[in-house]
Every structure is written in C-alpha cells, then in structure tokens.
Amino acid sequence: EGLLWQATRGETRITLFGTYHFAHHRTDAHLAALEPLIAAADRVYLEVSNDDMKALERKMATDPSILFITEGPTLPDLLGEDDWQALSSEMSKRGFPSFMAAKFKPIWASMMLGIGPCEARTGVMSVEGIDKRIGAYAAEMGKENQSLEDAGTILSLLDGIPLEQQLDAIRLFLVWDGNPDDIAYTLRERYLAGQTALIWEYSRMISLKDGGPTAEQDFALFERLLLNDRNQAWTEVLSDEGLTGDILVAAGAAHLPGNIGLLHLLEQRGFTIERLQLAL
C-alpha cells in the first residue's frame, strides 16, 4: 500500500510516486502535493518524458502502421461478422467510429475496450493525466526531465504478442458479462486509497476468472511484458552508481509493489526503502 516512497543509498535519494495515468478528481491535489518534491529534485524521470512522447506522437502522425493495420485483412475480416459488429458497437460507445475501429491493431482495440464507456464519454482520454503534468511542472521549474525507457518500448512489446492472442483478448471481452465502467471505478478508488498491490491482484482475479482456458499463461505474459521486464530495466537505470542527488520518479502505481516491483528491486540493489505520506 502507498503511492509515495523513498529509496536512499549513499548520496542518492529517489522519491517514487505511483501514478494513475488517466485524470481523476484528485489529480490537482496530487500535483499540488508533489510540486515541492519536483522543485527540490535534481532531475525527474517519467516512464516517457514529455519531449520524447511528443516525438513519438509526431512519428505516429506520419506512420499510421504504429497503431493501425495498413496492409492485409482488417478487424472485420479477422474477427468475422458477428464479433466485428459487437466490437464496432463497443468502440462507438468510446467515441471511435467504425471506419477507425476496423483498422486498429487488435492489441490496441482490446486496450481501448478496457476504458469504460462513461469515462470515454467524459473525455478522460483527452485530458492530461498526472504523468504529463508532472513533466510540465518539472520543465517549468527548469528540472532535467528524462525517460525511464525509449518511447517506442511499450509499442514494440505489445506488437510482439501473437496476433491470435490479440484477437482472443477482444473475443473474451465481447462475451464477458462484467461492466467496464464498474471496473474502472473500482480500480480508480482503490488507487486513491493507496491500495496499489490490490489493484493488480484484482485485475489478475478478473482475468483468470473470465479469461478462458489459457488465461493463466496469457496474464503471465502480460505481466512480464508490461511490468516485470520493464521494472528490471528501469532498476538498471535508477541504480546506476553515477546517478546521485535527489531524483523524482513518476511511474504507474502497479510498478511499485511485488517481488519484481521497483521498490523490492531497488532494495536488492542496496537502497533503504521508506514509505512517505502524500501531503494532501
């Protein structure tokens, strides 16, 4: 549990804040609480810095193949008529017209389904979340703002998931009897309560319960690609002997807990870990 932590080793003091990537009703309060820490930091790390994200967005604008199918069969062909119609309906609830939805790579279509229709209708995808706002404030304060990983890392990882598994993720959602808005609300409220480990374990429970016969392997792959491998790579960056001074790290809250979470991995590298209170 906890959103704010400190890892100390010698002359290096790393303050880690676990973020919720979408804006929520306490985003302003969280930023206000973090502003003194940002101002005191020698440098700030985000998963991907704002400058690197802008460069990626420019690349995506000129290379649609990053997110969309540009050659070969599109989702109506890959899914079949019934599943495509069901997907088209779900995507329209999230503001994506059918001509756009049809060309999404399946992994991105399935990730869009994870956003509740209510959240999508209220513009959550177009409002700046805390990660970007931390980066903007850091730049305003003249702080060095860096990426924990290359901007294209997550895109490459997701592209590496076999096509049939990507399509299965969509099909499983379409037969799922849960409510994505309820799930989104539950996860957000648990995040605001600081229950970061519970969020991931709840997601695991839902996935294993409704994820079909290969659910355990699928979730393990998802966990390795999105969390474990990245955590280990980020730990290499943050534990570098040349990194000294006050460092602020803002990364998704799910990256903090667990045996392969950032906190434990840093502890194994000789850091002393302490939970801090977020001064709201």
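Here are some worked exercises on the model above.

Before you start, note that this is a predicted model, where local features need pLDDT of at least 70, side-chain atom pairs count only at pLDDT 80 or more, and totals for chains, interfaces and linings use all residues. Residues are numbered from 1 along each chain as its sequence is written, and side-chain values use heavy atoms, with hydrogens and water left out.

**Exercise 1. Work out how the size of the protein chain agrees with the globule rule.**

Step 1: Take the box. Along the principal axes, the C-alpha atoms fill roughly 60 × 40 × 35 Å.

Step 2: Get the rule. The radius of gyration is taken over C-alpha atoms, and the globule rule is 2.2 Å times the number of residues to the power 0.38.

Step 3: Compare. For 280 residues a compact globule would come out near 19 Å, and the protein chain has 19 Å, so the two agree.

Step 4: Look inside. Buried residues (under 20% relative accessible area, with exposed over 50% and partly exposed in between, using a 1.4 Å probe and protein chains only) make up 45% of the 280 residues.

**Exercise 2. Lay out the sheet and find its edge strands.**

Step 1: Count the elements. Helices (H or I, at least four residues) and strands (E, at least two) are DSSP runs, numbered from the N terminus. The protein chain has 14 helices and six strands.

Step 2: Write the order. The open sheet of six strands reads 4-3-5-2-1-6, with mixed pairing; two strands pair if DSSP finds at least two bridges between them.

Step 3: Pick the edges. Strand 4 (144-147) and strand 6 (272-276) each have a single partner strand, so one side of each lacks a neighbour in the sheet.

Step 4: Check some pairs. Strand 2 (residues 12-19) and strand 5 (residues 245-252) run parallel, joined by eight bridges, and Gly18 has Ala251 as its bridge partner in strand 5. Strand 3 and strand 5 are also parallel, over four bridges, with Arg43 partnered by Ile247 of strand 5. Four bridges join strand 3 to strand 4, again parallel, and there Leu46 has Ser147 as its partner.

**Exercise 3. Decide how helix 4 and helix 10 are oriented to each other.**

Step 1: Get the angle. The axes of helix 4 (residues 81-93) and helix 10 (residues 163-175) come within 10 Å and cross at roughly 75 degrees. Axes are lines fitted to C-alpha atoms, for helices over the stretch in contact, and angles run from 0 to 180 degrees between N-to-C directions.

Step 2: Classify. Angles under 35 degrees count as roughly parallel, over 145 as roughly antiparallel, 65 to 115 as roughly perpendicular and the rest as oblique. The two helices are therefore roughly perpendicular.

Step 3: Name the residues. Asp83, Ala86, Leu87 and Glu90 of helix 4 make the contact with Ile170, Arg171, Phe173 and Leu174 of helix 10, where contact means heavy atoms within 4.5 Å.

**Exercise 4. Find out how enclosed helix 6 is, then place Tyr20.**

Step 1: Seven of the eight residues of helix 6 (residues 106-113) are buried, so helix 6 is largely enclosed by the rest of the structure. Among them are Trp108 and Met112.

Step 2: The buried residues of helix 6 pack against helix 3 (75-79), helix 4, helix 9 (153-159), helix 10 and helix 11 (180-192).

Step 3: Tyr20 sits in the loop between strand 2 and helix 1 (27-40). Its relative accessibility is 15%, so Tyr20 counts as buried.

Step 4: Tyr20 touches residues including Glu119, Ala184 and Tyr191.

Methods:
Lists of a residue's contacts leave out its neighbours within four places in sequence.
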